[in-house]
Amino acid sequence: MLQNEKKQSFIALGRFLSQFSEAENTRNESVLGNDLFFDDFIKLINLSQSHNGWYTPEQVYFAINSWAEALTEENIEKWLSAYASEFEKTEKTEKTVALILAGNIPLVGFHDFLSVLITGNKALIKTSSNDQHLLPFLAKYLIFTDENLKDKITFVEGKLENFDTVIATGSNNTARYFEYYFKDKPSIIRKNRNSVAILNGKETHEELEALGEDIFRYFGLGCRNVSKLFVPKGYSFDAFFQAIFKYQDVIHYEKYANNYDYNKAVFLMSNFKLLDNGFLTLKEDSSYASPISSVFYEFYENIENLQARLETDSEQIQCIVSHDLTQNSIPFGQTQKPRLWDYADNIDTITFLLTTK
């Protein structure tokens, strides 16, 4: 199948997804397959929370909108143009790539799925038990746009067999299992990572408000969610708490509220000093991974030492958010809107798939 045909299938999928939003689902008659897929997709979105309690309609719609914005012809062309010479040099040998997907946020494994197909390979997919419905639905839509994709996409429930390469995402514990089990296969094994924000006290109200999006989107369950703040000595959190007050309704969601109550109680019983606004606790801690409903913070004395620290700990960090305080930092409010060329763990999946024998 020509690469251009694959591009067109994903562009068609992007147009399909662009019809759906939390505010209103608007049918565009020029979109392919609406008679078969439009109503069923709305039903699936509405059922998602029954499949996974964290997948509220708001969060699912956000994930859908993010992919609708990414899967445009302009974005796909820009993304793949960087690999033009690699595509030309690559032997047309089709590989079967096993994908072991996470399920912490909706469609978290879609980029790997896209990368495998766009490089001319077959995807052998084991979904997480927490996210078993969204990706198979989108795969059916892609097959509708091009029936040649039917033989390129396989979902499995049991043991993975007959594959050439592996991309697996899990915790630090499961990563050790993956590394042992797939030791004889070329692989990308992803472990736990967290994202951090660096503040200097000069942030605007709008920037701190946008930081709240980086913290609370998907209830903080993603590796791109900010779970740690670095702040200068003597920093006052008053402006931060004022700015994130707009996210107070998160406490009305039962699963989040239960985590807030539990984690706060554990911290208090351990006599930890907390800053608390009724829906988020801040705890001074050197770790990067904070529990749901809590963000850790740490003071820094100078930005150069902090940059060195973050470089040393780079394998634990997914994103760094700041107002240009460090190289390659992401603007406030943008962590959950990665572009097609923003790779998880900074591992170029396309290059891996094109160059692995």
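**Exercise 1.** Which residue in β9 stands opposite Leu-275? Then describe the pairing and the hairpin around it.

*Solution.* The model is predicted.
Step 1. Find Leu-275. Leu-282 in β9 stands opposite Leu-275.
Step 2. Look at the two strands. β8 covers residues 274-276 and β9 covers residues 281-284. They pair in the antiparallel sense, over three bridges.
Step 3. Follow the chain between them. The hairpin of β8 and β9 has four residues between the strands. Gly-278 takes a positive phi there, near 100°.

**Exercise 2.** Place β8 and β9 in their sheet, and state which strands stand at the edges.

*Solution.*
Step 1. Write the order: β8-β9-β10-β7-β6-β11. This is an open sheet of six strands with mixed pairing.
Step 2. Check the ends. β8 and β11 (317-321) each have a single partner strand, so one side of each is left without a neighbour in the sheet.
Step 3. Add the twist. From one strand to the next, it averages 25°.

**Exercise 3.** Trace the pairings of β10, then find the helices that pack in this region.

*Solution.*
Step 1. Start with β9. It pairs with β10 (residues 294-300) in the parallel sense, over four bridges. The bridge partner of Thr-281 is Ser-294 in β10.
Step 2. Turn to β7, residues 226-232. β7 and β10 are also parallel, with five bridges. Phe-230 stands opposite Glu-298 in β10.
Step 3. Add helix α9, residues 205-216. It packs on the sheet and touches β6 (194-198), β7, β10 and β11. Its direction makes about 140° with that of β7.
Step 4. Add helix α11, residues 254-269. This helix lies across β8, β9 and β10 and runs at about 150° to β8.

**Exercise 4.** Work out the order and the edges of the five-strand sheet, then its helix packing.

*Solution.*
Step 1. The order is β3-β2-β1-β4-β5, an open sheet with parallel pairing.
Step 2. Why does one side of β3 (153-155) and of β5 (187-190) lack a neighbour in the sheet? Both stand at the edges, each with a single partner strand, so one side is left free of neighbours.
Step 3. Neighbouring strands are turned by 15° against each other on average, direction ignored.
Step 4. β2 (residues 122-126) runs parallel to β3, joined by three bridges. Leu-124 has Thr-154 in β3 as its bridge partner.
Step 5. Helix α7 (residues 134-145) packs on the sheet, touching β2 and β3. Its direction makes about 155° with that of β3.
Step 6. Helix α8 (residues 172-181) packs on the sheet too, touching β1 (96-100), β4 (165-169) and β5. The angle between the directions of α8 and β5 is about 165°.

Key. Residues are numbered from 1 along each chain as its sequence is written. This is a predicted model: local features need pLDDT of at least 70, side-chain atom pairs count only at pLDDT 80 or more; totals for chains, interfaces and linings use all residues. Side-chain values use heavy atoms; hydrogens and water are left out. Two strands pair if DSSP finds at least two bridges between them. Axes are lines fitted to C-alpha atoms, for helices over the stretch in contact, and angles run from 0 to 180 degrees between N-to-C directions. Contact means heavy atoms within 4.5 Å.
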